[in-house]
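Here are some exercises to work through with the model open beside you. Try each task before you read its solution.

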There are 2 protein chains.
Amino acid sequence: MPTHPNPYRRDLDRNAANHAPLSPVSLVEWAADVFPDRCAAIHGPLRYSWSQMLARARRLASVLAARDIGAGDTVSVVLPNIPAMLDAHYGVPLTGAVLNTINTRLDAATIAFQLRHSGAKVLIVDREFSPAVAQALAQLDASGHEPPFVVDVDDPVYDGPGERIGTVEYEDWIAGGDPAHRYALPPDEWDAIGLNYTSGTTGDPKGVVVHHRGAYLNAVGNVLAWSLPRHPVYLWTLPLFHCNGWCFPWTLPAVAGTNVCLRRIDPTLILGMVREHRVTHYCGAPIVHSALINAPAELKAGIDWTVKAMVAGAAPPASMIEGMERMGWEVTHVYGLTEVYGPASVCVKRDEWQALDLAGRVDRNGRQGVRYQVQQGLTVVDPETMQVVPRDGETMGEVVFRGNIVMKGYLKNPKASAEAFRGGWFHTGDLGVVHPDGYVKLKDRAKDIIISGGENISSIEVEDALYKHPAVLACAVVARPDPKWGETPLAFVELKADREPASPEAAKALADELIAHCRSLLAHFKCPREVRFGVVPKTSTGKIQKHLLRAQARSAAAIG
Amino acid sequence: MPTHPNPYRRDLDRNAANHAPLSPVSLVEWAADVFPDRCAAIHGPLRYSWSQMLARARRLASVLAARDIGAGDTVSVVLPNIPAMLDAHYGVPLTGAVLNTINTRLDAATIAFQLRHSGAKVLIVDREFSPAVAQALAQLDASGHEPPFVVDVDDPVYDGPGERIGTVEYEDWIAGGDPAHRYALPPDEWDAIGLNYTSGTTGDPKGVVVHHRGAYLNAVGNVLAWSLPRHPVYLWTLPLFHCNGWCFPWTLPAVAGTNVCLRRIDPTLILGMVREHRVTHYCGAPIVHSALINAPAELKAGIDWTVKAMVAGAAPPASMIEGMERMGWEVTHVYGLTEVYGPASVCVKRDEWQALDLAGRVDRNGRQGVRYQVQQGLTVVDPETMQVVPRDGETMGEVVFRGNIVMKGYLKNPKASAEAFRGGWFHTGDLGVVHPDGYVKLKDRAKDIIISGGENISSIEVEDALYKHPAVLACAVVARPDPKWGETPLAFVELKADREPASPEAAKALADELIAHCRSLLAHFKCPREVRFGVVPKTSTGKIQKHLLRAQARSAAAIG
């Protein structure tokens, strides 16, 4: 064999000593190695150290392996932010399988879609969510699809309703596993670690596939972007089913931090935990922060340290910036999407902003900002020509990312992947501008998405549901600004001629009927809060002019 | 083509949007992007922002590219810690070429060896070091080797002796370069970025080849290991020619920090810069820290913040731990080698150590510690069987590393590479133990072990005992061949100036006193049979040259 002409590529290959595939689970190994006895997770009265967490992950991996789960397989979970959910993030990747975290608020049909599309072989479900999951399983069964092996989590911290529907209880199951199970992390860091479905604007949800390399880099990227110190105490206000909790389950072991588990968003509960466990960091949608700001002062007594928060999903409004400042807490605005592992840009604060008035600080902190250190590129382009827009804060274009914290692509959907990656960038579908200082600011969400309480709602999905009602001729669902939820869905419906209501009472009854109809098909949070009847405005070619309806919705909100 | 059976590997390939080779220079791009106006480097009266640093790097890359420098080529530098040295770290990799940083204290023959072995095409040299370099070039010339293109740095901050020996002055040269030069980072993150020769104790120096991936990960690894905050002010007390300054030139842009340049180690100068620039962090060998501790109190006046220091090269002695505490500075002990990009393990402080007495704190902080988060493995093994030693703090073995911050190998030396990587681990050649808490502690270099009557004697342990005697300034203990015992310990001792013996009788008495002193601390078989007084030979970096002493010991034995 001829020798390589470049001496730096000759006899200098990868080997077991000098190369290891990047995997975020290696950070869990580090914490278990270096801080074995330090608290990794708190859940009600339960405490787990980092060595216990790794042992739990190995137990889980061993019982999965015993069921022949490995590379190419999917393990789905419908879980709140509890230790079993952390186990899933730490243990499923040890088998080479892919973790599919399902939004706990979804309706049965969407859950069934995900289980079918991902080919889930194992499903771990918390008792609280078993009703919708049981329905989903019945739908799978009815369609002749082989059902997954179902494991129940019967969390001792939960005493609400919900039956067990599985074959075995989770703790019993992993108790039979091997805490010293031998495993091998995937040989290729490009291998998938997670599958997270997005509510696409059209058609079926798309399955975002993320890989070990990206999850590792974003886990570390969170430390760099937020200047995370050693030993943070992190409260799980952000659902772990959202982009794997923005990779924070893997960030925490990298800094030997503590996961404080939380089943539900409740200011009294949250502030009590902040005080009791001396929480230092948390993340969430604006609604979470607002709820804390608006909580009674006595709930905040004794919290005399600076709690640091990340907010995403919408720009933090003035009330939030001001409210957090009053509490002495520090909020950082981040932006991203499931396709970029959660946040991939951060509104880095500048020293000079401190001198600005409130309006100025709100303006600056409302920007989506600059790319994470571990992301290669973030810019705004003309989506047709791929030309970068000028940094004038005015010229609108599409926000695009590129780099190592961009997904592998959409599962079994090469067409959608190619579309998302056209021109060598990931297209967010969001419209924005670039300010002269290089900070990106969103101007318009991808036009069909409504963000309510941090959750994406596809207006088209809601419209599809409405169209299934026999009275509906045409309809459009748009976002209405809402002080509590950020946005809520508002439906404009044009009725078939023979279904026009004869009286205001009849109109009210029909509106209620349509909402109930939607609720029979969709998760409640996706359904319209209000239905307005009338002719839906259309272009000459028959396209519904949503921008007119959005303007109406905004002015109605301003008035109302 | 058949579809891949694993759906997560089908239609989900790397592309320009979702994959970028890791390179530490991307961190410089980030700083220039996000903090363009922030101070990147201070040198005397000079200031460079991050956008200026990237522009300088691009100028350098463009003039190198104009000389056809690219992948497979070597650019050598003989430079102190000045902006041109930072440029070299930021600009040379933009061409795809490899940066070879040469120790500024080396003799002409060793410099000539490196230039010849690396095939350097360009050589950038500071005027201060031109005498030895000129000699080296003459040696190359005499041997018929094609000389590199030589560029002089005539640093305005330097007013000492030294002629220009090159074709062009560095600032003039890059002034002709293009500050917007278009470049492409290497397509393969496994490509080499650096070549650093180790001062082998026997035979020719070995050229350690490090790559973009490892340099990126270690740059980030420093942030994780040291919990570096945003905007540190970092003083360059550590030579940048040592393992690329432990990757810190690339760590600083990742946290938008400031490089404070420094040409020479001088406590007055250093403490003045610490005060003037509000330095927060620095690294160095024990001797640097000791010099600062022993500096007059008035030089430290006004430095009322906690300066954080990393120390490597030897365990910090009691006087340093105590001295740093007295100053209110914080010292962290790290350990590594050129082959692992500088430090790859850190003696992470535990809360419970604070309660220990000085001896206890010295003992704990003297450990080499635990692996960096970005390093996959660190352990101690029996070098024959590769069995991990028990965590008993007693069983000695060889310290080994594995993972992404291990070199590609030695340049043009596959035999040495294979030897270093045998058994799937990088062999450090250092002997150590693992304590029950998992912390590694060095006991000795493999070749520094003295085997007497079948018993292993750690020369470091004997030296430690000698250092406890007030007359000892420096010492080294080596093996002397012995017909009866195999080997016996022979001590070379350099005395403090005021303790020099006045007569042969006084010398004999002092030698006896030192042996008795050792016997009061150690088992008799470990104690020196003989003590010789004199100046202990050291390398340019202050490392004691034990091989010279061993040679002396051997020839003395042959004669005697």
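**Exercise 1. The contact between the chains.** Find how many residues chain A and chain B each bring to their contact, and which elements of chain A take part.

*Solution.* Start with the count: chain A and chain B contribute 51 residues each, where two residues are in contact if their C-beta atoms, placed from the backbone, lie within 7 Å. Next, look for elements of chain A that give two or more residues to this side: they are α1 (25-34), α7 (212-226) and α14 (414-420). Helices (H or I, at least four residues) and strands (E, at least two) are DSSP runs, numbered from the N terminus. The largest share, 5 residues, is that of α1(A). Finally, sort the chain A side by class: 29 nonpolar, 15 polar and 7 charged residues.

A note before going on: this is a predicted model, in which local features need pLDDT of at least 70 and side-chain atom pairs count only at pLDDT 80 or more, while totals for chains, interfaces and linings use all residues. Residues are numbered from 1 along each chain as its sequence is written, and chains are lettered from A and ligands numbered from 1 in the order in which they are written.

**Exercise 2. One face of a helix.** Which residues of α12 (residues 318-327) of chain A are buried?

*Solution.* Apply the cut-off for a buried residue (20 or more other C-beta atoms within 10 Å of its own, C-beta atoms being placed from the backbone). M320(A), I321(A) and M324(A) are buried. Now look down the axis of α12(A): these residues line one face of the helix because they fall within an arc of 100°, taken from the directions from the helix axis to the C-beta atoms. Then ask what covers them: the cover includes α11 (286-293), β14 (330-337) and α13 (358-365) of chain A. Last, step past the helix to G328(A), whose phi is positive, near 80°.

**Exercise 3. Two domains of chain A.** Describe how domain 1 of chain A touches domain 2 of chain A.

*Solution.* Take the bounds, which come from an automatic or database domain assignment: domain 1 is 25-179 + 189-264 and domain 2 is 336-444. Their centres, taken over C-alpha atoms, are 28 Å apart. The contact draws 22 residues from domain 1 and 18 residues from domain 2. On the domain 1 side, β8 (192-198), β9 (206-211), α7 and α8 (243-246) of chain A give two or more residues. With 9 residues, α7(A) gives the most to that side.

Technical notes
Nonpolar A, V, L, I, M, F, W, Y, C, P; charged D, E, K, R; others polar. Buried ≥ 20, exposed ≤ 12 C-beta atoms within 10 Å, placed from the backbone.
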